[in-house]
Structure formats: structure tokens, C-alpha cells
Amino acid sequence: MLGRVRLKENGIMDEELPTLLETSIRFLAKNLHVICNTDPVTHQLELMDDVVVPNEICDRFLRYQQDCGQDINDRFIQIFRDTEKTPLRHVSLRNSTITNEGMRILLRHQLNSLSMWYCNKITTASWNILIEHCRQLRSLELGRFVDMLKHSEPNEKTPIDFQLLLPRLQRLKLNGVVLQPTIQFSHLTELSHLDLTACIFAEFSLKALIDLPNLRTLILFNVWPLEHEFPTLCKLKNLETLDLSVSRANVDGNYLTPNKLLANLVENLPKLRHLDISGTNLAGDGVAESAGSCTGSSSDIPGLVSRVERPLDFLGIYYTSHSACKWHDIPALRIAGEASEEQILVAAVAYQDRHELLTKVLNDLYHLLRFETCKQIHKALDVVLSAMDKHIRVKNIQISGSATLFYIVKGREKMKFGVPLKNHIIHTLLNGMSTHLTDDTMMRNGCLTLCQFNIPLDVMFEYERLVQILLHGVSYREQEGFVQRIAIYLLNSLACQVDGSQKLFLGDLGAISTMLNLINDRLSRRVFDDVMEVAWSTMWNVTDETAKNCERFLDGRGMEYFLRCLKLFPDRDDLLRNMMGLLGNVAEVKELRPRLMTHEFITEFSDLLDSSSDGIEVSYNAAGVLAHIASDGLDAWTISKPTRYSVLVRMVEAIERWDLSAERNINYRSFEPILGLIRCYHTPQCQHWAVWALANLTKVYPTKYCRVVEQERGIELLQELIDHPQPYPRLKELAQIVLTHCRNLSEPMNGGGTADGSGDGGTDGGTNSTDPNGMELDG
């Protein structure tokens, strides 16, 4: 819907917040169980017996159901079976899978208006139902891919012979319908608006319209040829709006005597205010003609010289012959053309229902925004969102629109977005991406635009749908292709800093198996790239405190791939860090630790204690894995070599080599696994790793991690360790360091203070070469 985007006084672009009624209706659209039951046998929706919905809400309910991305299908339409309890008056359907059966329910209502676009399961049977039940209809709009008046079978060439038995019709729009000479219009005495876009005249003549007393608007977009109809057009004296435009410039729309035809037409239509001749040669060749008045005014469009003193309200001259929109003297107040930003924006508004022209307009806007010459960003954003929302199935509009959105969003430092508008942009992008999943250009544009937002915070309201789209992008794209790289980058960002339920959802959708497949593919080809690195990073994030996903990793031959990666790519620091971070998560799950107790795994973990890869990270994570395994006690150590004692000795030696002030590339949301090891008095080496970790983190990032220690009762556990007789002195020394850090943070600070966690790394893959910034995209 146009006009939603506002530029407010504070410089923020936004949309108006929904009213309470709109919020309530949208809630119902997403929670149908509140007013409906589901038949246990047929699974059809049934309105509850005690529910009555007034017409004002029913119409909006149907509209918002579509706005929320829900399909209007036969099952949903069952809600409106009772025309008394759920009366409908104004029905507008787009991108619906409704069939003739669902239409049978809708058309029994006393409809005043019906608009249908992209409903490709409708056939001529619905026309007969409409004629039977809707004689009172005032407005009828049958747009693209609605085969109510034409055969849907491609091999069926016979046109439909129909009559417009709708005597009260005031507004009629047909698209691509074959008009027979037998069709009658004269009885439609109230008809004021007639749109025959792309209709085929099979010996039909516009003479059938001469007797319509109230006809004010006639749209003949992409109707060709028309030259022989000009004498009839001149007789429609009440016309205020006339559209003769075509989309295929230089193919259609070339008249033999353009100046004479246009001049005669305009002179015979005294009430004409709105004229569109885009794509034609009716504007002439640019040689100015004088109006013949004392003012000396002239028109560069010869056929409009009679309107110099009384300019048209609107003139469409978009991509006419000789680029008429670039001429100087044009007798019109508003011009749709390609010569300037203002003309392009006017065209974008005027051609919202014409996908052929709209694609060109969006491309023009794209170039304005790409080269930063567009000044009215809010208007550009408004028309782009409206176009993409209206034409979800038109791939070219989605591609051009998403490319344009990229440059609008990329420049957000200059223009700030409110939350409702930001949500609208993301929702529209995801609609286009989910509809055109297999198109690389659409996926590329969509992913790059999403990268301009704050992930995951800005997309949480569409989290599940975005995850599904990205998993598809990762799984079904050319290996090492750009879409795969950018999709896995986004997926990893989504897995970071979300809670356990969302991590579990990622695993339920197959994130672990998808990452393992990517890794296996590269192992088989002996290729290391950023996709492999980020795949391990994504699994590190997804397994964080999520036992089920850790199990999925082990079940998917994850440890086999770990060993193969170690062998093939031993010097890849980021890869080693990501793999060991992931195994640290696995080792935190007590039920899974026995599956790590093999000679091969323990030997590798022990050898990695001496690694200096990525600072201390690989050694630190290896020690964490071994500490958790050892915490299960002597009986759980079921291998003879290496011995438990030798491993614990190596682990302590490694810990004491680490720099307590080392900055980290890790992010803890909770210290629960670490604090659990502090209670492990039977194996003080496990406690050693835990208290060193807390001492390091609270020293380097006190603001962030001292609070976590306090909130999770770490202070009591550490004091208990200090008071306990069993731990050796170094453990108590490290525990006291943690307590001192926490105590210092609680007291007033002098001077500059210490680091506040701003340097804290995350488990987001560290160095990630899939940087979305600075990349070009396709318009």
C-alpha cells in the first residue's frame, strides 16, 4: 500500500504504528485457534459457535491475513461459510491458492467489490458462480493470473464468450481477456472506470462504449493496434482519464501520423485531465509548435499544443520515442518519465499494477540510489516496498526491488529507520527470497541487504523463516559460490547470541547435518575455504548449551571429520579454534562424554594442549574438554593409554603456561559448566582449569563477567573452595584473584578503570572472509 513510509521531523523514516484494532486483527490472523476449531476428520477450520464477527472486522481480517504472509486457501475460507456471522463486503486476494470451491463460499456474500491478482487456481467455473450470486457488485478487478474469463490450459485457444451481467458495476478491470464482438456494455449505465489492460480485441470495437454516460476513465494499456479506434475515442466526451500506453516501446505504439492523431484526440476530449502515452510515438519528434496565443507559449509535444494554457494534471511519457520526457515545454503539472528523480517517482506510483513498466522504473531508481543521486529516499522506499509486496511472484520486480533496497539500507547512516519500517523491509525481502529460492541473483541481493541490519536482533521476529531460507541457500547452491558463502555467514550470525530454544530449532531444521555435509564435501576435495571454517563456527554456536545438537554432531560422524581436518589442515589456526570450541560444548554434556573416551581422541586432545595456535584458545579449549572428561572420575577413564594421570599432568603444565592477562576470542553466556567443575574436589586439576578460566575472564573483561560470577552464585563456590582443605595452594590463589576482581568492580573506581568487555570476542567464527560490505549486487 502506497503512502505508508513517512519522513518525520526528527529525520527518522518510519511507518505509522498499527492501531489497537489492527494489532488485534493481526493477532487473530496468526492465532486462528482463538476463534476457530479444527474438524478432527476433515481438518477444516470451523468458526466457534459463539463467535460473531462484524463486517468491518471481517474485511480487514482477510486483508491482514495476507499481510502477515498467510495463504488464503480453501481451508481458511471455511471461516466465512456463515454469511450472517462473518459477512464480507470488500474482498481483495493476491497470491492466493484459493480454488473454485473456496470462491463458492466467498461469492455467496453480498460483495460490493472483488479484486483478484495472482490466483492461478481459479477457472471459468467461478465466473458462473459470480454471475449467479453477485449482481449487486460495484467493483470487479481480475488482474494477472486469474483465469476466470480465459482458459487456463495453454493449448486451449478458444476464447470465452461471456456477458457482463453485473448491472450495478461502477468499476471494471480485466487483464489479458479476449473480447468478442458480442459482448455488451451499454447496460452498465453506472460504469465510470474501465480498465482493459492487455485485452485482445477479437473484432471487438470501442464503439460498444459510446452509450456509457458515466464513463470517466478508460485504460487501454498494452492494447494494440488502436489507430483505427481513435475516431471512437474522440466521441467519449466525458473522459477525464485516458491511457494509451504500451510497455514494448519501438515494437508497439508506433502511429503513422502521431501529431495529428493526438491533437485531434485532445481537442475532442475537453474534460481530459490525465493522459498516458508512454512507450508510443504520439509525443512526436520534439519540434515545438506555438499555441497561437498572445502569450507566445509553445509545446514541445505538437499534439498537446491546445493544452498549453490549460495543462494536464498528469501526462505519462515514460520511454516514448525520442525521449519526450526530456523536453522543456510540456503542458502537464505531473509527468511520468525517466528524465529525473521526480519523473521516475511519479512513474513508480502510476505504474504499480503494471509489472512490465514497474520493472523498468525500479531499475531507474536503482541507478539513482547506487550513484547516490536520489534525494527523496522515503518516497523511493515507499514505492519499492509497495511494488515488491504487490508482485511477489514477478521475479524481475523482486530482483530490481531488492537491489534498490540494498542501497537504501546501506545508506542508513544518513537515514534512520523506525522499528515498524525496518520490520516491513525485512518481511518484504524474505517474501521475495522464499518465493524465488532457486534464483541466485534474488538470494544474493536479499542476503546482502540483510547483512546491513543488526543480526540477529533486527530479524528475531522472522527468525524461523530466515533460518529456513538460509539453510536452503547453503544446501542447494553451487559449492564455493557467493550465495553459499553469504548465506552461511548470515546463518552463523543468527546462531550467535540467541537462546537455547532457537539453537534447538536450528538443529531441528538440519543445521548440523547441513554443516557436516559442507565439511565432508571439502574434505573429499581436500579444499580449505571460508565456508569450511564458518561451518565449524556455526556448529560451535549451535551446540552451545544445547545437548541435542551436540548429539547430532556426534551421530553425523562429526568426530571423524574433526580428525580428518586435523590431519589435512593442521596449521589453520581459526579452524582449530572453532573445532575445539565445538568439542568443548560436546564435552560439557555428561551423557555424551563416554563417546569421546577413545585412545585416538584423547591423544589428539592431549597433544593440542601444547598448541600455540590462535594464542591460548586451542590449548584452552583442549584443556576444557579434558577437564570435563576427567571430572567423571577414575572409573570413567576406560582407556589404558594415555593414562589419566599423564594427561592431567600435561593439562596443569599447559594451564600454568598461559598468560592470565590474555585477551580472548570466546563469549560465555553462562558459567554453569565452569562452575560445575569447581565442585570437582576428587580431581583438583579440573578445578584448576575452571578457576583459571574465571580469573582470566574477570581480569580482562570485569564488567561483563564479574556480574555473571555473582549472579550464578560463583562467589559462594569460590569461597567454599578457599576454605576447603583439599585444593592445593595455586587453586586457592586463583580463586582469591577472582574474588578480588569481583570485589573491585563492586567498589567505586578511580581514574580510567579497566576494560569493560568491549574487546570480547564471540563464537562467531573469528576472522571471516565473507564480508558483506563493499560487494556489488545485481539490479
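These questions and answers cover a predicted model of one protein chain.

Reader: How many helices and strands does the protein chain have?
Author: Both kinds of element occur in this predicted chain. The count is 29 helices and 19 strands.

Reader: What does the C-alpha trace span along its principal axes?
Author: The chain has 779 residues. Its C-alpha trace is described by three spans, one per principal axis. They come to about 105 × 65 × 55 Å.

Reader: What share of the accessible surface belongs to carbon and sulfur atoms?
Author: Buried residues make up 57% of the chain. The accessible surface totals about 32,500 Å². Of that area, carbon and sulfur atoms hold 49%.

Reader: Which share of contacts with a separation of 6 or more joins residues 24 or more positions apart?
Author: Take the contacts in the protein chain with a separation of 6 or more. Those between residues 24 or more positions apart account for 68%.

Reader: How far apart do the centres of the positive and negative side chains lie?
Author: The chain carries 80 positive side chains and 99 negative ones. Each set has its own centre. The distance between the two centres is 3 Å.

Reader: Why is C451 not bonded to the closest cysteine sulfur, and which residue holds that sulfur?
Author: A disulfide is a covalent bond between the sulfur atoms of two cysteines. The cut-off is 2.5 Å. The closest cysteine sulfur to that of C451 is 6.8 Å away, so it is too far for a bond. That sulfur belongs to C447.

Reader: Is C234 buried or exposed?
Author: Buried means under 20% relative accessible area. C234 has 7% relative accessibility, so it counts as buried.

Methods. Residues numbered from 1 in each chain as written. Predicted model: local features only at pLDDT ≥ 70, side-chain atom pairs only at ≥ 80, totals over all residues. Heavy atoms only, no water. Helix = DSSP H or I, 4+ residues; strand = E, 2+ residues; numbered from the N terminus. Buried < 20%, exposed > 50% of the residue type's maximum accessible area, 1.4 Å probe, protein only. Contact = heavy atoms within 4.5 Å. Areas by Shrake-Rupley, 256 points an atom, 1.4 Å probe, with all protein chains shown as cover. Lys, Arg positive; Asp, Glu negative; His and termini not counted. Charge placed at Lys NZ, Arg CZ, Asp CG, Glu CD.
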